[in-house]
Structure formats: structure tokens, C-alpha cells
Amino acid sequence: MTDATTQQLISGVDFVSVPTHDIHAAAEFYGSTLGLRRSVFMPERHFAEFETGNLTLSVINAEAMGLEHTRTANPIALHVDDVEAARALLEAKGVTFHGDILDTSVCHMAFFSDPDGNALMLHNRYAPRVTEG
């Protein structure tokens with residue numbers, strides 16, 4: 001809880017890094033397979049960026065940048081209007097999903113991974129979110 005005199009320091013999230021060992025294969029997956037708009041492609045600088053609508057996925061060759069390559073184990077939730085239809089489309093493109101579509105009674109989720117093993121999910125919230133109040 002913040003008091004009225006505290007100014008909000010953080011105003012948003014600019015991007016999330018997604019590690020890869022092969023920037024070209026990752027660019028193909030995020031651009032062609034998932035259909036995300038590629039806004040930056042600089043393989044000589046070891047990264048590419050893809051726009052999701054509200055968050056940029058910055059796909060990076062972490063090791064080439066002097067960082068440790070650690071796959072993302074907790075899924076990035078990618079919003080879709082219809083999880084079942086989106087899953088079928090991606091399966092037709094060769095994407096393998098982990099388990100059945102999960103219905104939480106608030107949202108539908110379908111889990112899969114990119115070629116580097118980073119966790120992703122298709123997500124659609126169909127019921128109002130209960131928030132802290």
C-alpha cells in the first residue's frame with residue numbers, strides 16, 4: 001500500500017527477454033509460426049523483437065551478450081480470443097502442446113514451449129477478474 005505522497009516509480013513494462021541459442025530459428029518461430037509482428041531484427045547484435053500488442057518480446061542470444069542462457073520456466077501468457085481455435089492453428093503448424101486446455105473457471109490456458117524450451121501459453125480470460133480492493 002502506498003500513501004498519497006509517494007509517486008509511482010514504475011509506469012509499465014517495456015519488454016520481456018526470451019533467451020535463445022539460435023536467433024534465426026527463434027525469429028522464424030515467433031514471426032512465422034506465432035504470427036507476431038517483428039519490429040527489430042539485429043542478428044549481428046544477437047536479438048530480435050516481436051510485438052504482442054501490449055508487451056514486446058525481446059528474443060536474445062543471452063550467451064552471445066555475455067549473460068547466462070536460462071530458459072523461461074514460467075509461461076508467458078499470450079492473449080488469444082479463442083484458445084481452442086488458436087491451439088488447433090498452431091498444432092497444424094507443428095507446435096506441440098503440453099496437456100489439455102486448462103479451464104480455471106475464469107480463463108482457458110493451453111501450454112507449449114518455443115524451440116529453446118521457453119514456456120508459453122495461450123490465454124483467454126472469459127470471466128471477470130477478482131482484484132484486490
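A helix here is a DSSP run of at least four residues, marked H or I, and helices are numbered from the N terminus. With that in hand, we can look at helix α2, which is followed by Gly94, a residue whose phi is positive, near 100°. Please keep in mind that this is a predicted model.

## The protein as a whole

Let's begin with the overall plan. The protein has two helices and eight strands. Following the sequence, you meet them in the pattern β-α-β-β-β-β-α-β-β-β. The C-alpha trace spans about 45 × 40 × 25 Å along its principal axes.

How much of the protein counts as buried? Of its 133 residues, 35% do. About 8600 Å² of the protein is exposed, and carbon and sulfur atoms supply 51% of that area. Among contacts with a separation of 6 or more, 47% come from residues 24 or more positions apart. As for charge, the protein has 8 positive and 18 negative charges, and the mean positions of these two groups are 3 Å apart.

## A walk around helix α2

Helix α2 covers residues 83-92, and its buried residues are Val83, Ala86, Arg87 and Leu90. Why do they sit on the same side of α2? They cover an arc of only 100° around the axis, so they share one side of the helix. The face turned away from this buried side carries the exposed residues Glu84, Leu89 and Ala92.

Which elements help to cover the buried residues of α2? The cover includes helix α1 (23-33) together with strands β7 (107-113) and β8 (119-125).

The start of α2 has a detail of its own: a side-chain oxygen of Asp82 reaches to within 3.1 Å of the backbone nitrogen of Glu84. Beyond the other end, α2 is followed by Gly94 with its positive phi.

## Three residues to compare

The table lists three residues with their accessibility, so you can find each of them in the structure.

| Residue | Relative accessible area | Class |
|---|---|---|
| Arg87 | 13% | buried |
| Phe29 | 8% | buried |
| His46 | 28% | partly exposed |

Arg87 belongs to helix α2. Is Arg87 buried or exposed? Arg87 counts as buried because its relative accessible area is 13%, and the cut-off for buried is under 20%. A polar atom of the Arg87 side chain lies 2.9 Å from the backbone oxygen of Gly99. Leaving aside neighbours within four places in sequence, Arg87 is in contact with Phe97, Gly99, Asp100, Ile101, Ala110 and Leu122.

Phe29 lies in the other helix we have met, α1. With a relative accessible area of 8%, Phe29 is buried too. Not counting residues up to four places away in sequence, Phe29 touches Leu34, Val95, Phe112, Ser113, Asp114, Pro115 and Leu120. Phe29 and Ala64 are 35 residues apart along the chain, and 20 Å separates their C-alpha atoms.

Where does His46 lie? His46 is found in the loop between β2 (37-42) and β3 (47-51). At 28% relative accessibility, this histidine counts as partly exposed. Apart from neighbours within four places in sequence, His46 is in contact with Ile23, Val59, Ile60, Asn61, Ala64 and Met65. His46 and His24 are 22 residues apart along the chain, with their C-alpha atoms separated by 9.6 Å.

Definitions and conventions
Residues are numbered from 1 along each chain as its sequence is written. This is a predicted model: local features need pLDDT of at least 70, side-chain atom pairs count only at pLDDT 80 or more; totals for chains, interfaces and linings use all residues. Side-chain values use heavy atoms; hydrogens and water are left out. Buried means under 20% relative accessible area, exposed over 50%, partly exposed in between (1.4 Å probe, protein chains only). The arc is that of the directions from the helix axis to the C-beta atoms. Contact means heavy atoms within 4.5 Å. A polar contact is a pair of N or O atoms within 3.5 Å; within protein, one must be able to donate a hydrogen and the other to accept it, and residues adjacent in sequence count only if both atoms are side-chain atoms. Accessible areas come from the Shrake-Rupley method with a 1.4 Å probe; for residues, only the protein chains shown count as cover. Lys and Arg count as positive and Asp and Glu as negative; His and the chain ends are not counted. The place of a charge is taken as NZ of Lys, CZ of Arg, CG of Asp or CD of Glu.
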